[in-house]
Amino acid sequence: MNSRTWMVVSLLITCLVAAFALSQVYSVTKPKIEQQKADATRSALSQALPAAQTFKEVEQDSLWYGLDAAGAKVGIVVRSGARGYGGPVPVLIALDLTGRISGIKVEDLKETPGLGLKAREDWFARQFLGLDSTVSLKKEAGTIDAISGATITSRAAASGVAQTIRKYSEHLKP
């Protein structure tokens with residue numbers, strides 16, 4: 001075997017060993033990663049709708065029914081994702097059975113640090129509590145104060161919440 005052939009064979013063997021090792025690491029870590037994602041989602045749902053004891057996933061990764069200890073529906077949690085300045089603004093919205101917002105949690109954002117990322121702060125989320133599908137910014141005759149320097153992010157959060165409530169309102173029936 002000449003040196004050129006040996007180089008190709010050794011490179012092929014190295015690639016096969018590396019691919020096998022990566023596949024084994026993936027198969028070992030995949031269940032743990034999935035469990036951590038499920039725990040994070042369950043924690044976020046509980047923060048958004050604390051009145052619920054358990055959650056029933058109705059639509060994968062976008063709609064959950066919050067149930068009390070007796071299994072009766074106490075509200076729903078939906079995920080919206082209107083486009084902001086730096087990408088989608090993912091928001092978990094908890095609604096009681098009257099269609100009012102009972103909790104809100106802004107999830108991972110890719111907005112500008114110091115501006116759009118302020119959407120994750122509590123004061124911004126508290127403005128939504130008790131509102132319904134008519135939620136909008138003060139600039140648009142609503143009640144939500146926009147974040148200074150992050151109007152696009154604020155508008156995306158408010159319009160995403162309003163659109164999502166209208167879309168999923170049929171699920172509020174007990």
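**Figure 1. Ile-76 and the residues it touches.** Here is Ile-76, in a predicted model, sitting in strand β3. Which residues is Ile-76 in contact with, leaving aside its neighbours within four places in sequence? The list runs through Leu-49, Leu-63, Trp-64, Tyr-65, Gly-66, Ile-93, Ala-94, Leu-95, Tyr-168, His-171 and Leu-172. Take Leu-63 from that list: Leu-63 and Ile-76 are 13 residues apart in sequence, yet their C-alpha atoms are 7.2 Å apart in space. Is Ile-76 buried or exposed? Ile-76 counts as buried, because its relative accessibility is 0%.

**Figure 2. The span and bend of helix α1.** Helix α1 takes in residues 3–48. With 46 residues, α1 reaches 64 Å from its first C-alpha to its last, which is close to the 68 Å expected at 1.5 Å a residue. Where does α1 bend? Look at Thr-29, where the bend is about 35°. A proline, Pro-31, follows within four residues of Thr-29.

**Figure 3. The two ends of α1.** At the N-terminal end, Asn-2 acts as the cap of α1. A side-chain oxygen of Asn-2 lies 3.3 Å from the backbone nitrogen of Arg-4. Now move along to Ala-44, Leu-45 and Ala-48, which are buried residues of α1. What do the buried residues of α1 pack against? Their partners are the strands β1, β2, β3, β4 and β5.

**Figure 4. A salt bridge within α1.** Arg-42 and Asp-39 bring their side chains together in a salt bridge, with N to O at 2.6 Å. Both residues belong to α1 and sit 3 residues apart, about one turn of the helix. How accessible are the two partners? Arg-42 has a relative accessible area of 44%, so it is partly exposed. Asp-39 comes in at 35%, and it is partly exposed too.

**Figure 5. Arg-79 and Asp-61, a bridge between a strand and a loop.** Arg-79 pairs with Asp-61 in a salt bridge whose closest N and O atoms are 2.8 Å apart. What does this pair tie together? Arg-79 lies in strand β3 (residues 73–83) and Asp-61 in the loop between β1 (54–59) and β2 (63–67), so the bridge joins parts that are 18 residues apart in sequence. Asp-61 counts as partly exposed, with 43% relative accessibility. The pair also has company: Asp-61, Arg-79 and Glu-107 are linked in a network of salt bridges.

**Figure 6. Arg-100 and Asp-132, a bridge between two loops.** In this view Arg-100 makes a salt bridge with Asp-132, and the closest N and O atoms are 3.5 Å apart. Where in the chain do the partners sit? Arg-100 is in the loop between β4 (88–96) and β5 (101–106), while Asp-132 is in the loop between α2 (122–126) and α3 (151–168). The partners are 32 residues apart, and the pair links distant parts of the chain. Arg-100 is partly exposed at 37% relative accessibility, and Asp-132 is partly exposed with a relative accessible area of 23%. Across the whole structure, the search turns up 6 salt bridges.

**Figure 7. The annotated stretch, residues 84–168.** An unreviewed UniProt entry annotates residues 84–168 as "domain: FMN-binding". Over residues 84–168, the chain is 27% helix and 18% strand. How far apart are the end C-alpha atoms of residues 84–168? They are 21 Å apart.

Notes:
Residues numbered from 1 in each chain as written. Predicted model: local features only at pLDDT ≥ 70, side-chain atom pairs only at ≥ 80, totals over all residues. Heavy atoms only, no water. UniProt positions renumbered as here; feature names shortened; annotations may be inferred. Salt bridge = Lys/Arg side-chain N within 4 Å of Asp/Glu carboxyl O. Buried < 20%, exposed > 50% of the residue type's maximum accessible area, 1.4 Å probe, protein only. Expected span 1.5 Å × (residues − 1). Bend = angle between axes of the 7 residues up to and from the residue. Contact = heavy atoms within 4.5 Å. Polar contact = N/O pair within 3.5 Å; in protein donor to acceptor, adjacent residues only side chain to side chain.
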